[in-house]
Amino acid sequence: MSNITAEKTVNVRTISDGARPMEVVAILVKRSMIRVRRMPSAFIPSLIMPVFQLIAFSGAFGFAVTSLGIKNALDWYVPLNAMQGASFGALGVSFGLINDMQTGFFDRILMAPAQRWVTVISSLVSAVVRCFVPITFVVIVGYLGGMNTPGGPMAIVCVAIASVAIAVVAAGFALGLTFRMRNLGAATLTQFAIFFTIFLSTSQVPLYAMSGWLRGVARINPMTNILRFARQGFLGDDLSIILAGPRQFMIKQNGARQNQRNSMVNVFLRPLRGTGHGNKPYRYRSQKGDRKIDSVSQAHQNTILRL
């Protein structure tokens, strides 16, 4: 009688197979959040600084911004400080990675059965998760101060998208410097790069109010377009037309430009109309006949329309 042995297949992952990448990413992100709870002194400054700058900028430069046609200074500065708070997450990621290098934990991660790109992705995800805390605080303070959101919920969505994008780019830049330098100088250079990129754009005033070399730098600075996208729902622009496509947006812009030209024509014509005897317009006899026309010729009107 033959012995029948039942073989049972067991799914066992060996060391050579490696760990699942997403599991490692989740564990490293969780570890980064635990570090925030254990070391609040490294996270609280990145939370307070955007709120402090929001209050300081809106109070110090509020009159200058409102004189340019913006209803409330908070409508201009809330997206700026939300993005700045999101960029501070890159500094936290850089400091954490440097600490891991100094304590030897980073070497243990490299020896673990996981792919190398997991360490980079986990740091980027940690920066994105951390950035939502300062964004929330800045938006709450803005609402308490009387911030306007004509765009409705889409205004907050645009700010969140722009802030997450800035957090990812800043974290990637910080990681590159940290892997290269392996000291605290990487975090310092990251902070300088973030500040220069933000404040050499339309962070304080619109582009048309700038002059000199700053206007030329702000025109080619990518941060200008990111701030423009983040501020769409706060400055009264029609988000449905903007998001529908460039063609509809250009139609609206051309209509607004035509209305502005018509108002300029009225400004030029108003002093010339009703200034004759008995509040009647001046009239003169045409060379072609007895037909009388207004003193403002059609050529003059066409010249005004071309302004």
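**Exercise 1. Place Asn81 and list what Asn81 touches.**

Solution. Asn81 touches Pro50, Gln53, Leu54, Phe57 and Val138, leaving aside residues up to four places away in sequence. Contact here means heavy atoms within 4.5 Å. The model is predicted: local features need pLDDT of at least 70, side-chain atom pairs count only at pLDDT 80 or more, and totals for chains, interfaces and linings use all residues. Residues are numbered from 1 along each chain as its sequence is written, and side-chain values use heavy atoms, with hydrogens and water left out.

Next, the location: Asn81 lies in helix 4 (residues 73–103). Helices are DSSP runs of H or I with at least four residues, strands are runs of E with at least two, and both are numbered from the N terminus. Last, accessibility: with a relative accessible area of 0%, Asn81 is buried. Buried means under 20% relative accessible area, exposed over 50%, and partly exposed in between (1.4 Å probe, protein chains only).

**Exercise 2. Describe how helix 2 and helix 6 pack.**

Solution. Two packed helices are described by the angle between their axes and the distance between the axes. The axes of helix 2 (residues 44–60) and helix 6 (residues 117–144) cross at roughly 30° and come within 9 Å. Helix 2 is therefore roughly parallel to helix 6. Axes are lines fitted to C-alpha atoms, for helices over the stretch in contact, and angles run from 0 to 180 degrees between N-to-C directions. Angles under 35 degrees count as roughly parallel, over 145 as roughly antiparallel, 65 to 115 as roughly perpendicular, and the rest as oblique.

The crossing of helix 2 past helix 6 is right-handed, a term for a near helix turned clockwise from the far one by less than a right angle; anticlockwise would be left-handed. Helix 2 contributes Ser46, Leu47, Pro50, Val51 and Leu54 to the contact, and helix 6 contributes Val133, Pro134, Phe137, Val138, Val141 and Gly142. These residues divide into 9 nonpolar, 2 polar and no charged. Ala, Val, Leu, Ile, Met, Phe, Trp, Tyr, Cys and Pro count as nonpolar, Asp, Glu, Lys and Arg as charged, and the others, Gly among them, as polar.

**Exercise 3. Classify the ring pairs Phe106–Phe179 and Phe192–Phe196.**

Solution. The structure holds 7 aromatic pairs. Rings of Phe, Tyr and Trp (its six-membered ring) pair if their centres lie within 6.5 Å; planes under 30 degrees apart count as stacked, over 60 as edge-to-face and the rest as tilted.

- Phe106 and Phe179 have ring centres 5.9 Å apart and planes at 40°, so this pair is tilted. Phe106 sits in helix 5 (residues 105–111) and Phe179 in helix 7 (residues 153–181), 73 residues apart, and the pair links distant parts of the chain. Phe106 is buried at 6%; Phe179 is partly exposed at 28%.
- Phe192 and Phe196 have ring centres 6.0 Å apart and planes at 35°, so this pair is tilted. Both are in helix 8 (residues 185–199), 4 residues or about one helical turn apart. Phe192 is partly exposed at 48%, while Phe196 is exposed at 51%.

**Exercise 4. Find what Cys158 touches.**

Solution. Cys158 is in helix 7 and is buried, with a relative accessible area of 2%. Not counting residues up to four places away in sequence, Cys158 touches Phe229 and Ala230. From Cys158 to Phe229 the separation is 71 residues in sequence and 6.8 Å in space, C-alpha to C-alpha.
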